[in-house]
Amino acid sequence: GPPPNPVPPPPPHTRHSMDEFLRQAQITAMEKDEPLSVLLIDIDHFKKFNDDYGHQVGDQVLRLVAKVLQEGVREVDLAARYGGEELIAVLPGADLAACTTVAERVRRRIAEAKLTRRATGKEIGSITVSIGVAQFRLAESAEAMIERCDRGLYQAKRLGRNRTVTEDELEPEAGAA
């Protein structure tokens, strides 16, 4: 008979499965009194890759970042696309320092990666990412934690990109007491 169908690879985690994973991770963190941290990655100048080289190269850049992120986290962690050019990783059991170490390793590997354009074989300029890191606080919403990551991300962009900013390094928000 015909050869059996190969098992398809698991689809990249969807936003829904990520939300569910995060919800469970928060519950576990509270029950076991263990840390839980999240890192949010944004590809620097992503629009420029799309504008200069087209969407295929943009997709290539995204895939590269996703691959480096996936290889940089543990089996128990979850890495997923989060919006357009953002990726997220949820690290159960990791405190802010541990999560920052992972973030920095991923950031450096991406900056060192060489991506060649398939059509021409020419190397595409270096890819860098900005990363925000936050640790879960007791009984807060996932949104509140991700919002701190987001603020870290924006601060990383403001400081010149290609860096990691943790919630501990956040500048007070304008208008905050």
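What follows is a short chat about reading salt bridges in this predicted model.

Colleague: Where do I start, and how many salt bridges does the structure hold?

Modeller: Start with the general idea: look for a side-chain nitrogen of Lys or Arg within 4 Å of a carboxyl oxygen of Asp or Glu. Here, the structure holds 13 of these salt bridges. Take D44 and K157, whose side chains meet at 2.9 Å, N to O.

Colleague: Which parts does that pair tie together?

Modeller: D44 sits in the loop between β1 (36-43) and α2 (46-53), while K157 belongs to helix α5 (residues 142-158), so the pair links parts 113 residues apart in sequence.

Colleague: And are D44 and K157 buried or exposed?

Modeller: Both D44 and K157 are buried.

Colleague: How do I read burial when I look at R74 and D77, then?

Modeller: Generally, you check relative accessible area: under 20% is buried, over 50% is exposed, and in between is partly exposed. R74 and D77 form a salt bridge at 2.6 Å, N to O. R74 comes out at 41% relative accessibility, so it's partly exposed. D77 has 8%, so that one is buried.

Colleague: What about E167 and R148?

Modeller: Their side chains form a salt bridge too, at 2.3 Å, N to O. E167 lies in the segment after β7 (164-166) and R148 in helix α5, so this pair ties together parts 19 residues apart in sequence. E167 and R148 are both buried.

Colleague: Which residues share a network with them?

Modeller: Follow the shared partners: salt bridges join R137, E140, R148 and E167 into one network.

How values were computed:
Residues are numbered from 1 along each chain as its sequence is written. This is a predicted model: local features need pLDDT of at least 70, side-chain atom pairs count only at pLDDT 80 or more; totals for chains, interfaces and linings use all residues. Side-chain values use heavy atoms; hydrogens and water are left out. Helices (H or I, at least four residues) and strands (E, at least two) are DSSP runs, numbered from the N terminus. Buried means under 20% relative accessible area, exposed over 50%, partly exposed in between (1.4 Å probe, protein chains only).
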